[in-house]
Amino acid sequence: MMSHIRQRLRCTWALKKLQNTDPNTSDPEFDGDPEDIDKSAEDSGQSDGSSSSSSEDSSSSSEESGSSESDEEETECSSEDDLQERVDSALVDEVPEEVSQSMSFTSSKKSRAQRDADLPPIAVDVFEGTGKVLEQTQSVFEAWEARQQGGNPYCPFKSKLDYEVGMWAKQEGPGNKALDKLLAFPAIAQKLDLSFKNTCQLNQIIDYQTPEVPSWLSLKIKLDGSNEEFDVYYHDPLECIKALFSNPEFADKMTFAPERHWVNSRKKSRIYNEMHTGDWWWRKQCEVKKPGATIVPIIVGTDKSQLTTFSGNLEAYPGYLTIGNIHKRFRRKISQNAQMLFVLLPTGQFKGKGMSDKDQRLAKAQIFHCALKEVFKSLEVAGTNGVRLTTGDGKVRLCFPILACYIADYPEQCLVTCTRFMDCPICPCKKARLGEYGDIGKPRTQAQTMHILNTAQTKGPSWAAIDEYFQQYGVTATFDPFWRDLPHTNIHLAIMPDILHQLHQGMIKHLTIWISRLIGPKELDQRLQRMPPNHSLRVYSSGISGFSKLMGNEHRQLSKQLLGCIADYPASVVVNATRALCDFLEIAQYPSQSSDTLGYLEETIQELHKYKDIFIRLGAREGGFTPVISDYNKLIKCWLVVKNFNLPKLHMMLHYDKAIRLFGTTDGYNTVTTERMHIEAVKIPYRASNRCNVIPQIMVWMERKDRVDRLALLVKRSVHQAEMQNQPSQKPNTTDGQRMIC
């Protein structure tokens with residue numbers, strides 16, 4: 001309360017300075033010298049509720065009078081932004097020094113731009129005629145209620161206790177043998193009166209009497225000229241989309257039409273946050289040209305996950321799917337089940353088969369694209385003609401599922417887009433120009449890449465000629481990519497920024513090494529150790545030099561402390577470069593962006609490229625170890641200093657601005673979610689298996705988990721509805737002489 005009063009008094013004082021009046025004259029809100037601002041605020045804050053309300057009334061009256069005066073003096077203050085800038089300048093320049101120090105007012109344009117981006121939009125443009133409801137039908141919850149026997153909300157279990165024990169057995173994971181031994185005690189089985197007597201009976205109830213979920217399918221892939229077969233297990237992506245679309249939990253958490261949000265009514269500055277506020281959705285809505293159509297943006301992520309920790313080399317290759325209609329704050333939460341495991345790709349190894357490393361990479365790429373091409377087969381027709389989907393509240397819409405975003409790290413991005421390693425998968429930038437700043441040119445398009453792949457086959461039977469042609473355009477020899485026939489898709493535009501791998505595990509990791517070489521590892525450890533305790537920062541009491549490997553969370557914490565560790569470095573250019581990179585990381589993670597904040601994002605990139613060469617001149621830019629013979633005939637290792645910044649992760653920072661304008665802010669498509677899904681979808685099921693032929697066991701485990709989660713959701717809604725129906729309606733008792741207050 002006191003801070004609001006203090007802020008109001010400061011603004012009143014500044015407005016008087018703008019109106020060329022004496023700020024020290026009598027005023028209903030402030031009477032006294034400017035130095036008494038804080039004192040007056042404290043007195044007002046200690047007053048009772050009536051005085052606070054009166055001050056608010058006087059504040060509103062002063063605001064009304066101020067607005068009328070601003071209308072009369074339109075030439076002096078033509079817009080709200082001009083008035084705000086003049087207030088800021090008055091607060092900073094006109095206030096006496098001692099008052100300014102006590103006010104602690106920040107007049108940064110960046111903070112004001114971030115504030116505007118976080119506020120609700122003033123003006124909203126909605127694409128008219130989209131998301132049309134074709135009919136109202138029975139929802140998933142209503143269909144489940146019809147199946148309940150005798151109004152039992154815990155169906156297929158007999159009672160609440162029966163249901164809770166079954167959920168505990170499957171969600172808490174006591175183990176099949178442990179559960180069987182527990183239920184084998186006669187006293188427990190009699191007192192609990194369960195509908196199952198062992199794990200096998202419980203699994204039968206879950207497999208055949210719980211709500212339906214997408215079933216697992218399988219196919220076998222064989223490369224040309226090879227007899228080896230590779231197994232692919234997957235859900236039909238269209239069935240996954242139907243399951244997400246019809247989830248009752250998301251009925252009021254979805255968007256069906258693109259929108260354009262503006263900071264103010266003049267519509268000069270856009271706001272970007274959710275996916276439907278970006279330009280991609282608006283453009284695809286224009287491409288479809290179907291009255292009342294609903295775009296369903298598909299967000300896909302694939303990444304390998306290591307299953308074994310210390311022994312063995314067992315890994316899984318899962319893929320996850322969600323839709324952009326669901327609000328991002330629910331897509332990010334694993335507990336909301338908005339991400340679905342839809343494919344387990346083969347992880348075949350070709351070592352020891354007489355194949356070169358290059359041939360092995362090409363073979364793995366062909367298996368990857370061949371598998372996903374079969375998996376996405378159902379989306380080719382659905383994305384062209386549309387498909388009728390039912391939401392959680394029973395409304396049917398004509399939907400067009402389109403692959404919009406692909407979440408992956410850099411090696412996976414090159415694999416998906418058929419781009420050569422160390423080239424940009426989004427634009428035609430070559431390896432030798434990755435460290436440059438400037439116009440990145442037009443992005444790659446799917447049609448251009450397909451033209452290159454088709455033309456390469458006409459370059460003659462010589463593989464050398466074909467490979468030379470591919471090197472010219474930075475494309476790999478994958479002649480039939482999975483996205484070839486997907487409608488309305490541009491796979492290069494679908495590559496998303498990656499905060500985790502590109503910034504935290506990328507540029508911040510490099511910056512940590514550079515600073516460690518400039519001031520020394522021991523000095524960096526000592527400076528991190530001297531960091532005062534803070535609730536939002538991790539204090540490295542032993543430094544970081546003892547870590548064998550720094551993970552993403554460690555680099556995220558270091559990004560908040562590196563600038564302070566290098567602040568007193570003699571070369572101020574090093575501080576400027578460090579600050580620019582840290583500022584970029586901070587601005588890129590805003591949950592809501594505006595045109596102004598994206599402008600500041602571009603300024604930080606310019607500043608970073610302007611000062612980054614200082615790390616090369618000081619010998620901090622690392623390039624690995626090189627063997628060197630010392631004067632004493634001893635073989636030692638020395639750092640090889642690189643003379644360029646041809647880093648793909650540095651170049652990818654140039655694409656953040658466009659990606660945010662197209663698909664919304666970066667927290668809607670970060671690989672952190674994919675990494676977290678590995679735990680729930682792959683690693684926990686692996687630990688529950690017998691470690692032998694684990695992939696089929698993972699499939700069964702995940703299908704039962706999906707059934708249990710869907711049952712828990714429906715039971716929760718059924719119980720809530722039953723409680724609402726059984727609750728007696730309480731009508732207020734009012735007499736003729738009494739007035740009912742709502």
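These exercises walk through a predicted model, from whole-chain figures down to single residues.

Residues count from 1 along each chain as its sequence is written, and side-chain values use heavy atoms, with hydrogens and water left out. Local features need pLDDT of at least 70 and side-chain atom pairs count only at pLDDT 80 or more, while totals for chains, interfaces and linings use all residues.

**Exercise 1. Summarise the chain.**

Step 1. Take the secondary structure. The chain holds 30 helices and 16 strands. These are DSSP runs numbered from the N terminus: helices are H or I with at least four residues, strands E with at least two.

Step 2. Take burial. Of the 742 residues, 49% are buried. Buried means under 20% relative accessible area, exposed over 50%, and partly exposed in between, with a 1.4 Å probe and protein chains only.

Step 3. Take contacts, meaning heavy atoms within 4.5 Å. Among those between residues at least 6 apart in sequence, 68% join residues at least 24 apart.

**Exercise 2. Locate the largest nonpolar core and its best-connected members.**

Step 1. Fix the rule. A nonpolar core is a set of buried Ala, Val, Leu, Ile, Met, Phe, Trp, Tyr and Cys residues joined through side-chain atoms within 4.5 Å.

Step 2. Read off the members. The largest core has 66 residues, and Trp280, Leu503, Phe615 and Phe663 touch the most other members. Helix H24 (residues 572-588) gives the most to this core, with 10 residues.

Step 3. Look for a separate core. Another one, of 64 residues, lies apart and includes Val296, Phe330, Phe368 and Leu486.

**Exercise 3. Classify the ring pair Trp280 and Phe663.**

Step 1. State the rule. Rings of Phe, Tyr and Trp (its six-membered ring) pair if their centres lie within 6.5 Å; planes under 30 degrees apart count as stacked, over 60 as edge-to-face and the rest as tilted. The count by this rule is 19 aromatic pairs.

Step 2. Apply it. The centres of Trp280 and Phe663 are 5.8 Å apart and the planes meet at 35°, so this pair is tilted.

Step 3. Place the partners. Trp280 is in helix H13 (residues 279-288) and Phe663 in helix H28 (residues 656-663), so the pair ties together parts 383 residues apart in sequence.

Step 4. Check burial. Trp280 is buried at 5% relative accessible area. Phe663 is buried at 3%.

**Exercise 4. Describe the surroundings of H13.**

Step 1. Count. Seven of the 10 residues of H13 are buried, so the helix is largely enclosed by the rest of the structure. They are Asp279, Trp280, Trp281, Trp282, Lys284, Gln285 and Val288.

Step 2. Find what they pack against. The partners are strands S1 (123-126), S5 (259-262), S6 (270-272), S7 (294-302) and S13 (395-407), plus H28.

Step 3. Add a charge. The charged end of Arg260 sits over the ring of Trp282, 4.1 Å from its centre. The rule asks for NZ of Lys or CZ of Arg within 6 Å of the ring centre and within 35 degrees of the ring normal.

Step 4. Leave the helix. Just after H13, Lys289 has a positive phi of about 55°.

**Exercise 5. Characterise Thr294.**

Step 1. Place Thr294: strand S7.

Step 2. Test burial. Thr294 counts as buried, at 0% relative accessibility.

Step 3. List contacts. Leaving out residues up to four places away in sequence, Thr294 touches several residues, including Phe256, Gln285 and Arg397.

Step 4. Look at two of these. The charged end of Arg397 sits over the ring of Phe256, 3.8 Å from its centre.
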